[in-house]
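Open your viewer and have the selection tool ready. Each stop below tells you what to select and what you will find there.

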Amino acid sequence: MTHVLAADPTLADFGKDPLWITIIKAVMLFLFLMLGILFGVWYERKLISRMQHRYGPNRAGKFGLLQSVADGIKMGLKEDIFPRTVDKVLYLLAPVIMVVPAFLAFSIVPFGPMVNLFGVQTPLQMVDLPVAVLFMLAMGAISVYGVVLAGWSSRSPYALLGGLRSAAQVVSYEIAMGLSFVAIFLFAGTLSTSEIVKAQGEQGWFVFLLIPSFVIYVICMFGEAARIPFDLPEGEGELVGGFQTEYSSSLKFALIMMGEYLHTFTASGIAVTLFLGGWRAPWPISMWDGANTGWWPVLWFFIKFVLTFSFIVWVRASLPRVRYDQLMSLGWKVLIPVNLAWILLVAAARNVVVNEGNKTVGIVIGAVIVVGALAIWMRFDTVNQRRKEARKAEVEAEFEQLSDEPTAGGFPVPPLDLPHYHGVQHKEIPSGTN
Amino acid sequence: MDLYVPILVLAVLAGGFAIFSVAIAPFTGPKRWNRAKLDAYECGIEPTPQPVGGGRFPLKYMITAMLFIVFDIEIIFLYPWAVSFAPLKNDAGDTIASGLGLFALVEMLLFIVTVLVAYAYVWRRKGLDWD
Amino acid sequence: MTTHYLILSGVLFAIGALGVLIRRNAIVVFMCVELMLNACNLAFVTFARQNGNLEGQIIAFFVMVVAAAEVVVGLAIIVTIFRTRRSASVDDVNLLKY
Amino acid sequence: MSPWLPIIMAVPVVGAIVVALLPKGGDKLAKQVTLAVSLLTMVLTGVMAAGFKPGGERFQFKAEYDWIPSFGVKFGVGVDGVALVLIALSVVLVPIVVLASWHDADGVRTSDGTLITPKRSVKTYFSLLLVLETMMIGVFAATDVFLFYVFFEAMLIPMYFMIGSYGGAQRSYAAVKFLLYSLFGGLLMLVAVIGLYVLANKGTFMFEPLVGAIKDPTTQKWLFGGFFIAFAIKAPLWPVHTWLPDAAAQAPAGAAVLLVGVLDKVGTFGMLRFCLELFPDAAKAFTMPIVVLAVISIIYGAIVAIGQTDMKRLIAYTSISHFGFIVLGVFAMSSVAQSGAALYMVNHGFATGALFLAAGFLIARRGSPFIADYGGVQKVAPVLAGFFLVAGLAGLSLPGLSSFVSEFMVMIGTYSSVAHGSGALTVAAIISAVAVILAAVYILWMVQRTLNGPTAEPVKAFKDLNAREIWVLAPLVALIIGFGFFPKPLLDVINPSVQQTLTNVQVPTATIAEKGTGQ
Amino acid sequence: MNDVIQAPTIEYGTLAPLLIIFGAACIGVLVEAFAPRYLRKSIHVPLTLLSLIGAFALVIVQVMRGVPTQAVAMGAVAVDGPALFIWGVIIVLSFVSVLLINDEGHFVASAAAVPGSADEEEAEAADNGTGQTEVYPLVLFAVGGMLLFPASHDLLTMFVALEVMSLPLYLLCGLARRRRLLSQEASMKYFLLGAFSSAFFLYGIAMIYGYAGTVSLPGINAALAKGALLDPLLMIGLALLGVGLLFKIGAAPFQSWKPDVYQGAPTPITALMASGTLVAAFGAVLRVFWVGLGNLDWNWRPVIWGVAALTMIVGSILAITQTNIKRMLAYSSIAHAGFLLVGVMATFGAAGQNAQSLKAILFYLAVYGITTVGAFAVVTLIRDPGGEAGHLSRWAGLGKRSPILAGVFAFFLLAFAGIPLTSGFFGKYAVFAAALSSGTQPGDSMGGWMAGLVVVGVVASAIAAFFYVRVIVLMFFSEPAADGPAIAVPSMGTVAVIAVSLLVTVGVGLYPESILGVANDAASALFIR
């Protein structure tokens, strides 16, 4: 389906809107996100409880739809605790720093093609940049500052460690995420989201072309948005709420929650935009020519968006939280090398396909990459295998030792055949005597 | 430049909202003073006094930060490479910018291999392990 | 309008240099150096726009890399010193007399 | 291309290496080898000198090899009369010094057995001595200015170590002072050398092409300054003489002989060869001030010498006075005076050498350099006393002893020189004549205080000269007396090259007319 | 990207020496990663030495094949005659230094461990005197940077090379096994000041880029040829660039880091810095001032004049007051930097003149570098219980206790002082001659100034001679102390280093043409402009 639709906006179409259109767009996006949060919270709770055979919120309003509104109001009316020791300015600033970039990050997500908005032809997208994706990543990175500052300004060990932990986690997964996009750019040849969507129109959805990238992205998505199974930043069980320990209640806490929700939204939005064809209609519908014109695409976008979000919720419902070292080693030791190998492979293939000139060399290089990657992987695999076996063996040995000699390992176990257990000198006290 | 105007607008909007809600929080809620409540929360025990500018933390985090810098920079180099790797075609389908092609592939191969060398070193030196 | 950016970069550079000369904590000094490098980046990008060629922006990339490398090395050194003598103040580093 | 000079220069350095590589404990062997080598060198030089044609071209036994083409530096050697006699002087002095300092390195004991200098490495001392000999020959033989400079500077190092490691109590101070003075002068000269090369723009450092290459008078003045200061420091001329008394007093007797006898001659030799011929105009322009300096050092040296209590210092000051005479002669711009100066260099070498050695023997016996500690030596050790007396008389240039001829020629030449028309030089000659009387005073007084009078207690233990010491002094005294009566062979060799110098300097023919009156 | 991007080309053959060094460095890192600890050193040493030899061979091949007359790698690197000569010199010097580094017991077992702590003990127990073997890859990286620095043909490459050269050195400075705190201090001071100066360098580049619109040296020169020469951008840029470069060569008033770093760093590393870094830095200085700012000489030469004079004087005078041998050598290296700057002063005007002064500087660098390494090699051998016997008083009477060592050291000192029949003398002569002759060429307003500078240099070297001589006096003319320092039995490597340095110093002293000829050929093919 390489036919190009005139409605597809490109970078050239941006930066032309009059200010009022811009403002309208901004307000629309803002409202969309705010309502989205309200709805999303409710939706998530409802879905999970359904999955867990519960009712979930069903008191406030029909189906408990107003539940999150109620929560919001409650938070507004709770006491605003302001611990004595905190670093005042940063403590207050942190939630803001967390939430604002989260809003901005979403602004590059395209909702649809060129539409007629109050008589103005404009792409249905807040903004697009030559470096749109980079911008999104940057915003994600900035909100990390919020997390760290929140932890740091709280002056409490839990908060500090929590902040550092979540920062470490987020940056680690940011690398893998950033790498997972490279393959896309290799195909799309641009960083602007609208043009990437366009490219998917021409070359097909990248989710099919680049499954590994997609898988990696999805994993990183959880890490970035700190959702279960990677929600260690506020792993209550381990560090009492992490960096937000001192933001016990009130609107500051609400802002932090909001920021995290927005990250989840952004993650889904980006997934849809970069991999799932953006606002493009899925296959059977795309047969109909009108599918990708006018306001219809918004619908397709919403469907994909909600589905992605539901998937995230579904995962939350079904997976436990991983251990921190597992989290990190997954990010550093698996995702990054696999990513790099994959990128090289894609590049080699791409080189063979599109570039003029000598192809054999390209093919050879591609082969070299594949072989090399496999070789390294196998080597590591065997090494790991040996390590595992060795570890297992020694554990068993230890166990053996313990079983046949109880006092080994420094844990004195009283021998079970001591006389008094058998009550040798046990003196029967006849009952009922006085 | 005016590509960035919408972002500015949105930033103003979101920022206004955030600052507003931070600002009104103290007034909307009640105030019931309680010394323990205003202490740093440490599961109820007396809070350990924290030095100004946060306490000391494991070096591990610093190492992670350094690694992050290195690899993030690598990404910085991957993006332009990726973008200008393939020849750029316009809507009519004819090339308006030839790709870097084989050369770029080889160079990037060298680059990534070099990075992997450092990566292997870090790995072997337990730089990536969290115990 | 590029002049404003130049002025800004100049100011940043001056602040950084001053910080290096005035501040005593090694890490702060070192951050000031980084600030200077970023001032350079700003200048490069500005000039790139002024001269209408991309070199400046490319240079900015390389500077970032170098800055990163410097950060890593510098932190390593400072942390080592800190571990050995529990202080990162430049004044405590005074065994080498002129 | 004659191989003579390179061979003569090579022999001692090879000997030095041999000596240095001798097995441990081969001290005696080392001394013998050194003596043999130095004698061989002397013989070779003698044979070569026999082939020297006084009437022939100026530089004979020439040899040129490319050394540093990139700098235009050649290894160029060759001798004219003056150089020849000075080389002869050095090669004659070296074996004598070897003999004289036979026991210097292995701890000098006085007659009553007190150790005055501790045991030190013998091999090092003698190999340094031989290296020094090579460089002394080289510096006189060099016809390439750069080569000359190289030897001029390099000479310092062995002498520095000889003074520093083998000298008396104050040796390191003396050594450093000596080195730094000479080095400073040398560096100024280096600038001048470079300047000469660059400005002459001949692309070579060879002496003959460079003669008259610099035309511009002011440039000449600057370069002349560079050279002259270096030479003035070397041949200690008042006011830059202060290093000499220290160095000479602290150095072991042998080293002192070479220092005063040969090394300092390089200065006066350099003035005669380079300052005059390369920069004639400057030389003429500066004659007056230099003459004044010369006269001052003549008188100053003499007067200060009288006040000395330390023999070696006294001798050092006498040499300052004598060097004043030589410089005076060089710049008097008359052939007689210059021949006299050249002759003086040789004679002074012998005379002072003898004096130093004799004094050295005295000191070795008593362990103290102070005149006051002696007295009545002649009763105890007549032979030693005799030699000491003769050497002393040579020092005050008694008629019939060699220095008289040269001193007389210098004064006559200066007196009658009409360079610079005015009778200024005449006046200078007359003033310097006073020094003759002063010389009589200081020498005779010293002799009288040491040799005559009541015999001091420790002196009674003195042994007279042994065979070795006689062998050291005898040849010198023989030479002194010999040249005293029959200086002609030397003058025949010297005169032509002096003539050459004067023609290069283009002094008025009038002076040249009355040449040879000295003979 | 509206215009057509052309795939760039890289002449791998010409850059082969660099690539070998860097490749070997990467392999070294892999060795660190995968080889067991007890094997590492025995892999590293041959790897490092072989790579250096290979690089040297390739340099020779380059020379045989004929010196390239075009900048390679899209005008980023210029492998011209001088560059090749400098490469050769640097490779030889670093080879010698590596021999010195192999020597056991210079480097700490684990840099990060707190002295006296448990893990320190453990690390000490683990390593067999080899110390932290990361040293080898780090050295190779540094050497690679040194090679790239003088050969870089645009300022960006130069900056990157500068950092590649410096960063490993910063770390290496902190790895001394003994006197740990001193060494770490040195490392920190070096790092902070170095980063500071490189920031200046970079801002200078930015300004010049703003002025010329390019960072390639010939481009800058071309821009100077037509542009206004009093543009403030240019002036600021020139000044800041100069600060950065002069810092690296340790010229006054930016010399203060040198003594501290030289004293604190492990002596083999000091040797490497004092020789290799200096050579590389001067190569870069020459290239910048001749290729990049050649049309601006009337502007920078007065400044360099002052800096050179100041450097010579400061170096010589402050050296007199030093009591630590390494500090003294550091100041002497400052003074030598001054002498070299005299040569830099002379590189301008006619090509012939430039070739002459270039030859002089190249020669000077070669002989000075090798002598320096030798001197530091001797320093490593005079040991106290607490490490090397740094204090001069400990050297008293060394001539009595080990005459050969003392003699060799004395000879090196004489070479530094520039006494004839040592290599140092000819180096000094060459530079001064170049300076004077540059003063005489037509149309030079600074003829007299050059002569003046040479006189200053002469005076400075007379002053310098004093403190060299003082050490000799100490070693030979004063009696040894009762509890004199131990004289370590030198390992084969150290012996080789000292022997080679001595051989070169003597040989060149007797027959300078040997190196001078090569330098001449190298210099006569000027820098690519």
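The tour starts with confidence, then goes through the chains stop by stop.

**Before you click**

This is a predicted model. For the complex, the predictor gives an ipTM of 0.84 and a pTM of 0.88. Keep pLDDT colouring at hand as you go.

**Stop 1: chain A as a whole**

Select chain A. You should find 15 helices and two strands. The chain has 434 residues, and buried residues make up 48% of them. Now think about contacts between residues at least 6 apart in sequence. In chain A, 75% of these join residues at least 24 apart.

**Stop 2: the two domains of chain A**

Colour residues 11-322 of chain A as domain 1 and residues 323-395 as domain 2, following the domain assignment. Their C-alpha centres lie 30 Å apart. Where do the domains touch? On one side are 20 residues of domain 1 of chain A, and on the other 17 residues of domain 2 of chain A.

Look at the domain 1 side. Helix 5 (157-188) and helix 8 (211-225) of chain A each supply at least two residues there. The largest share comes from helix 5 of chain A, with eleven residues. By class, this side of domain 1 has 14 nonpolar residues, five polar and one charged.

**Stop 3: two phenylalanines in loops**

Select A:Phe63. This residue sits in the loop between helix 1 (19-51) and helix 2 (67-77) of chain A. A:Phe63 is not a glycine, yet its phi is positive, about 55 degrees. Buried or exposed? A:Phe63 counts as partly exposed, because it has 14 C-beta neighbours inside 10 Å.

Next, select A:Phe118. Find it in the loop between strand 1 (110-117) and strand 2 (120-125) of chain A. Here too phi is positive in a residue other than glycine, near 50 degrees. A:Phe118 has 8 C-beta neighbours inside 10 Å, so it counts as exposed.

**Stop 4: helix 14 of chain D**

Select residues 335-366 of chain D. This is helix 14, with 32 residues. How far should the helix span? At 1.5 Å a residue, 46 Å is expected, and the end C-alpha atoms are 45 Å apart, so the two agree.

Now zoom in on D:Asn347. Helix 14 of chain D bends there by about 25 degrees. Then show the surroundings. In helix 14 of chain D, 32 of the 32 residues are buried, so the helix is largely enclosed by the rest of the structure. Step past its end to D:Gly367, where phi is positive, near 85 degrees.

**Stop 5: confidence in chain D**

Colour chain D by pLDDT. The average is 83, and 94% of the residues score at least 70. Helix 5 (residues 145-154) of chain D has the highest confidence, at 90. Helix 21 (residues 509-513) of chain D has the lowest, at a mean of 44. Extend that selection to residues 509-519 of chain D. pLDDT stays under 50 here, and the model has 21 contacts for this stretch beyond four places in sequence.

**Stop 6: two cis peptide bonds**

Select D:Trp238 and D:Pro239. The peptide bond between them is cis, with omega near 5 degrees. D:Pro239 lies in the loop between helix 9 (217-234) and helix 10 (243-250) of chain D.

Move to chain E. Select E:Ala252 and E:Pro253, whose peptide bond is also cis, with omega near 0 degrees. E:Pro253 is in the loop between helix 9 (232-249) and helix 10 of chain E.

**Stop 7: a loop residue of chain E**

Select E:Ile419, in the loop between helix 16 (403-417) and helix 17 (423-440) of chain E. Which residues does E:Ile419 contact, leaving aside its neighbours within four places in sequence? They are D:Glu153, D:Ala154, D:Ile157, E:Leu414 and E:Phe425. E:Ile419 counts as buried, because it has 26 C-beta neighbours inside 10 Å. Finally, draw a distance to E:Leu246. The two residues are 173 apart along the chain, and their C-alpha atoms are separated by 27 Å.

**Last stop: chain E by confidence**

Colour chain E by pLDDT. The average is 86, and 93% of the residues score at least 70. Among its elements, helix 5 (residues 135-151) of chain E has the highest mean, 94. Helix 4 (residues 118-126) of chain E has the lowest, 66.

Note on methods:
Residues numbered from 1 in each chain as written. Chains lettered and ligands numbered in written order. Predicted model: local features only at pLDDT ≥ 70, side-chain atom pairs only at ≥ 80, totals over all residues. Helix = DSSP H or I, 4+ residues; strand = E, 2+ residues; numbered from the N terminus. Expected span 1.5 Å × (residues − 1). Bend = angle between axes of the 7 residues up to and from the residue. Buried ≥ 20, exposed ≤ 12 C-beta atoms within 10 Å, placed from the backbone. pLDDT = per-residue confidence, 0-100. Contact = placed C-beta atoms within 7 Å. Domains from an automatic or database assignment. Nonpolar A, V, L, I, M, F, W, Y, C, P; charged D, E, K, R; others polar.
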